[in-house]
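Please look at the sequence and the 3D view below, and then follow the questions and answers in turn.

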Amino acid sequence: MPPRNATGVEVPPELAALVDRLLGYGIEVLAARNGTLPSVPALDGLRAQLQVTAASACGRPRRILTTPVTPARQLTVDEAAQVSGLSTRQVRRLAHDGTLIARKAGRDWQIDEDSANGYGRRRAWQQQRAA
């Protein structure tokens, strides 16, 4: 049994391969939708641990996966507009459409910093390519 204050997820070995495949599918869908992925700390390490756990499905004890959780920095609409080179109205529309990773807190949007940076870079690249 893990210590009471331990953070992590206990994944049965027989489900670890499925969890890894679902995580990989979700990553592919997110990348296709947004054109890039936000940086997710320790994602590669988590997937490697899932693969090791899946390989141990032959009756070995379950493993406890722990990953440090670093919350992504959230930007206001004004900050996201500055970072991405868009107007605040465009940022709100993209957040509402799901193009930017964002959540609504009351009346205000909180935009994921990596999502805003990625969108700004893609937009600049597309404009440069069109020129």
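Q: What percentage of the residues of the protein chain count as buried?
A: This is a predicted model, in which local features need pLDDT of at least 70 and side-chain atom pairs count only at pLDDT 80 or more, while totals for chains, interfaces and linings use all residues. Residues are numbered from 1 along each chain as its sequence is written, and side-chain values use heavy atoms, with hydrogens and water left out. A residue is called buried under 20% relative accessible area, exposed over 50%, and partly exposed in between, with a 1.4 Å probe and protein chains only. Of the 131 residues of the protein chain, the share that counts as buried is 26%.

Q: In what order do the elements of the protein chain run from the N terminus on?
A: Helices (H or I, at least four residues) and strands (E, at least two) are DSSP runs, numbered from the N terminus. The protein chain has 5 helices and 5 strands. From the N terminus on, these elements run β-α-α-β-β-α-α-β-β-α.

Q: Why is H3 described as roughly parallel or roughly antiparallel to H5?
A: Two packed helices are described by the angle between their axes and the distance between the axes. Axes are lines fitted to C-alpha atoms, for helices over the stretch in contact, and angles run from 0 to 180 degrees between N-to-C directions; under 35 degrees counts as roughly parallel, over 145 as roughly antiparallel, 65 to 115 as roughly perpendicular, and the rest as oblique. Helix H3 (residues 77-84) packs against helix H5 (residues 113-130) with their axes 8 Å apart and at an angle of about 30°. That angle makes the two helices, H3 and H5, roughly parallel.

Q: Which residues in H5 are met by Ala80, Val83 and Ser84 in H3?
A: Contact here means heavy atoms within 4.5 Å. On the H3 side the residues are Ala80, Val83 and Ser84, and in H5 they meet Ala116, Asn117, Gly120 and Arg123.

Q: Is Ser84 buried or exposed?
A: Ser84 lies in helix H3, and, not counting residues up to four places away in sequence, Ser84 touches Val91, Ala116, Gly120 and Arg123. Its relative accessible area is 5%, so Ser84 is buried.

Q: What is the relative accessible area of Ser87?
A: Ser87 is found in the loop between H3 and helix H4 (88-97). Ser87 is partly exposed, because its relative accessible area is 32%.
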